[in-house]
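This briefing covers a single model and groups its points by topic. The structure is shown first.

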Amino acid sequence: MVKEELAADEPSVIISRRPCALLKYVRHDAPLTVKEDQCVGCKSCMRLGCPAISIRNGKAAIDNTLCVGCKVCAQLCKFDALKTGEV
Ligand code: SF4
Ligand code: SF4
């Protein structure tokens, strides 16, 4: 959306519902983990563009130093493979 609005010819405004997750004062939820036995490697979660998600050995992997626990990826996974906390 940011790219789209930057490219617009007319003035535009983006109103965010939440502060940027990269701000230091923003508190994050616990990072998600991948249940490897349930992940089929379909890459649907990768379409989000979240920098915390990658594919490793054919399965999704979450970098817990980057994940802010927003759970958006879990909503996309049809296989219920993304969970909060240790698996
Ligand atoms: S969407 Fe779910 S099953 Fe597909 S790669 Fe991601 S975690 Fe694995
Ligand atoms: S919970 Fe949010 S920040 Fe963490 S991997 Fe999923 S989409 Fe990325």
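In this predicted model, C67 touches P31, L32, A52 and I62, leaving aside residues up to four places away in sequence. C67 also belongs to the largest nonpolar core and is among the closest residues to ligand 2.

**Nonpolar core**
- The largest nonpolar core has 11 residues in all: L32, V34, C45, I53, A60, I62, C67, C73, C77, A81 and L82.
- Strand 1 (32–34) and strand 3 (59–62) are the elements that give two or more residues to this core.

**Ligand surroundings**
- Ligand 1 has 14 residues around it, of which C39, C42, C45, A60 and C77 come nearest.
- The shell of ligand 1 consists of 11 nonpolar, two polar and one charged residues.
- Ligand 2 is surrounded by 13 residues, and the closest are C50, A52, C67, C70 and C73.
- By class, 11 nonpolar, one polar and one charged residues form the shell of ligand 2.
- C45, A60 and C77, named for ligand 1, are also core members, as are C67 and C73, named for ligand 2.

**Strand pairing**
- Strand 2 (residues 53–56) pairs with strand 3 in the antiparallel sense, over four bridges.
- Within this pairing, S54 stands opposite A61 in strand 3.
- The hairpin of strand 2 and strand 3 has two residues between the strands, and N57 takes a positive phi near 50 degrees there.

**Confidence**
- The protein chain has a mean pLDDT of 91, with 98% of its residues at 70 or more.
- Confidence is highest in strand 3, at a mean of 97, and lowest in helix 1 (residues 2–7), at 90.

Methods: Residues are numbered from 1 along each chain as its sequence is written. Chains are lettered from A and ligands numbered from 1 in the order in which they are written. This is a predicted model: local features need pLDDT of at least 70, side-chain atom pairs count only at pLDDT 80 or more; totals for chains, interfaces and linings use all residues. A residue is near a molecule or strand if its C-beta atom, placed from the backbone, lies within 6 Å of it. Ala, Val, Leu, Ile, Met, Phe, Trp, Tyr, Cys and Pro count as nonpolar, Asp, Glu, Lys and Arg as charged, and the others, Gly among them, as polar. A nonpolar core is a set of buried Ala, Val, Leu, Ile, Met, Phe, Trp, Tyr and Cys residues joined through C-beta atoms within 7 Å. A residue is buried if 20 or more other C-beta atoms lie within 10 Å of its own, exposed if 12 or fewer, and partly exposed in between; C-beta atoms are placed from the backbone. Two residues are in contact if their C-beta atoms, placed from the backbone, lie within 7 Å. pLDDT is the predictor's confidence in each residue, from 0 to 100. Two strands pair if DSSP finds at least two bridges between them.
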